[in-house]
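Visitor: I'd like to go through this one with the reasons spelled out. Could you take me from each label back to the value behind it?

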Amino acid sequence: MKWVSAVSTQVSLEMAIRDIAQQVQRAIPTPDLGFLFVSGSFASEYPRLLPLLQQYLPIQHLIGCSGGGIIGGGWELEDKPAIALLAGSLPTAQLKLFYCTSPDLPDLDSAPQKWYELIGVDPAVQPSFVLLGDVFTFPITDFLQGMDFAYAGCVKVGGLASGGSAYNALFMGDQLYRQGLVGVAVWGGVTINAVVAQGCRPIGEIMQVSQCDRNLILGVDNQPPLVTLQKLVEQLSESDRQLVQHSLFIGVVMDEFKAVPTQGDFLIRNIIGVDPRSGAIAIGDRIRAGQRVQLHLRDAKASSADLYANLQNYRQRFPEVVPSAVLLFSCLGRGEKLYGKPNHDSLVLAECLGDCPIAGFFCNGEIGPVGSTTFLHGYTCLLGIFRQVAIANDP
């Protein structure tokens, strides 16, 4: 298995495509799989893009999308013309592309067989998935729920297209789509590991939801949550009190059986409102009584530390693994806007995982697991790490 990452900042679409094609062909003349990410600067030329790529570099299996910023070759190119391509030669892997629109989706109470027919992959092969969708035209949360039901235990990573003023673009094979979701399933000689860095640090103590209604938390530890928050704020430093005003989130413990939750055990969700009269807090997801929660803050320092910690945890889990390639899905709210300097996440990734091909984009939302469940995230740095694995008929 061999991978290469190519990136071009040529302002001419044809020159940019020729540029990335030449970079790839020096290492892999005929790639089996490619991931293409294109900045919104080329929006008016999207219909020309795939024919040009087919002319200069035919790729057997290709998916991609538009991005508000493009990542490749160690660079995070925000708000400027750029195209990135991660291409691989995977002689022992099996690949399957698929495209879905909202009307294609089975009901959530449908049998798993309906999902197998939609995707076209047998769950017995234990595929990994890369998913690229459009948030405005596709019910991504319902899709992820159905995929987790049908392909339990299979890793699903990806991001939501961005960068479009009129529409976002999705690419698959030689087709341009303006709605829906494109994806690829991989299995056999390759698998994907997910690293999800949600960029927050906890404050206060873990609490238990004692009363709730859908996305409203009415009580924690038998007290109104706003009362608990006010008590906590009194104990914070002045800098953290400032962060509470605009960067306060809530983390929900996803493993109910884990006595002491640690890094990666929380699903971070927005706090979208408070009711001063009842002391209730509204969050950006459904909640149920008995779940444990903890307040979190997000800033550049916390985001950087969280990414380091998650990558270190990955290296401890797989100390002998040399990553083959990485897809990097980063929120539009990260990058230079958050850190005040360019290429932060890419530099941390290279420091922790070594010199491996990287490509990705800045997303409208990031797709990845917390525990055994796949979620749509925000403000997250999410990595899909490709690694080679032995297959049954290997000597």
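**Labels and the values behind them**

Guide: Let's start with Tyr-379, which is partly exposed, with a relative accessible area of 36%. Keep in mind that this is a predicted model.

Visitor: What makes Tyr-379 partly exposed rather than buried or exposed?

Guide: Buried means under 20% and exposed means over 50%. Tyr-379 has 36%, so the label is partly exposed. Tyr-379 belongs to the loop between strand 23 and strand 24 (381–388).

Visitor: And what is the phi of Tyr-379 near?

Guide: Near 65 degrees, a positive value in a residue that isn't glycine. For background, most residues other than glycine have a negative phi.

Visitor: Which sign does the phi of Asp-79 have?

Guide: Positive, at about 55 degrees, although Asp-79 is not a glycine. You'll find Asp-79 in the loop between strand 5 (75–78) and strand 6.

Visitor: Why is Asp-79 called exposed?

Guide: The cut-off for exposed is over 50%. Asp-79 comes out at 65% relative accessibility, so Asp-79 counts as exposed.

Visitor: How do you know whether Asn-343 is buried or exposed?

Guide: Same kind of check: the relative accessible area of Asn-343 is 10%, and buried means under 20%, so Asn-343 is buried. Asn-343 is in the loop between helix 8 (335–339) and helix 9 (344–353). Leaving out residues up to four places away in sequence, Asn-343 touches Gly-74, Trp-75 and Glu-76.

Visitor: What makes Ile-358 buried?

Guide: A relative accessible area of 7%, which is under the 20% limit, so Ile-358 is buried. Ile-358 is part of strand 21 (residues 358–363). Not counting neighbours within four places in sequence, its contacts include Ser-5, Ile-71, Leu-86, Val-326 and Leu-349.

Visitor: And how far is Ile-358 from Gln-316?

Guide: 21 Å in space, C-alpha to C-alpha, with their positions 42 residues apart in sequence. For another pair, take Val-227 and Gly-279: they are 52 residues apart along the chain, and their C-alpha atoms are separated by 6.6 Å. Val-227 sits in helix 5 (residues 225–235). Its relative accessible area is 30%, which lies between 20% and 50%, so Val-227 is partly exposed.

Visitor: On to helix 3: how do you know which side its buried residues are on?

Guide: The buried residues are Trp-115, Leu-118 and Ile-119, in helix 3 (residues 112–119). They cover an arc of only 85 degrees around the axis, which puts them on the same side of helix 3. They pack against strand 7 (93–100), strand 8 (128–133) and helix 4 (140–150). Right after helix 3 comes Gly-120, with a positive phi near 80 degrees.

Visitor: Why are helix 7 and helix 9 called roughly parallel?

Guide: The axes of helix 7 (residues 300–317) and helix 9 cross at roughly 25 degrees and come within 10 Å. Angles under 35 degrees count as roughly parallel, so helix 7 and helix 9 get that label. Their crossing is right-handed. Among the residues that meet are Leu-307 and Leu-311 in helix 7, with Val-348 and Leu-349 in helix 9.

Visitor: Now the sheets. What makes strand 7 and strand 23 edge strands?

Guide: Look at the open sheet of 6 strands with the order 7-12-8-9-22-23 and mixed pairing. Strand 7 and strand 23 (373–377) each pair on one side only, and they are its edge strands. On average, neighbouring strands there are turned by 20 degrees against each other, direction ignored. Strand 7 and strand 12 (residues 181–188) run antiparallel, joined by 8 bridges. Leu-95 stands opposite Val-186 in strand 12.

Visitor: Which strands are at the edges in the order 1-6-2-3-10-11?

Guide: That's an open sheet of 6 strands, again mixed. Strand 1 (2–8) and strand 11 (175–177) are the edge strands, as each pairs on one side only. Its neighbouring strands are turned by 15 degrees on average, direction ignored. Helix 1 (residues 13–25) packs on this sheet, touching strand 1, strand 2 (33–39) and strand 6 (83–89). Its direction makes about 155 degrees with that of strand 1. Helix 2 (residues 46–56) packs on the sheet too, at about 150 degrees to strand 2.

Methods:
Residues numbered from 1 in each chain as written. Predicted model: local features only at pLDDT ≥ 70, side-chain atom pairs only at ≥ 80, totals over all residues. Heavy atoms only, no water. Buried < 20%, exposed > 50% of the residue type's maximum accessible area, 1.4 Å probe, protein only. Helix = DSSP H or I, 4+ residues; strand = E, 2+ residues; numbered from the N terminus. Arc of directions from axis to C-beta. Contact = heavy atoms within 4.5 Å. Pairing = 2+ DSSP bridges. Axes fitted to C-alpha atoms, helices over the stretch in contact; angles between N-to-C directions. Parallel < 35°, antiparallel > 145°, perpendicular 65-115°, else oblique. Left-handed = near helix turned anticlockwise from the far one by under 90°.
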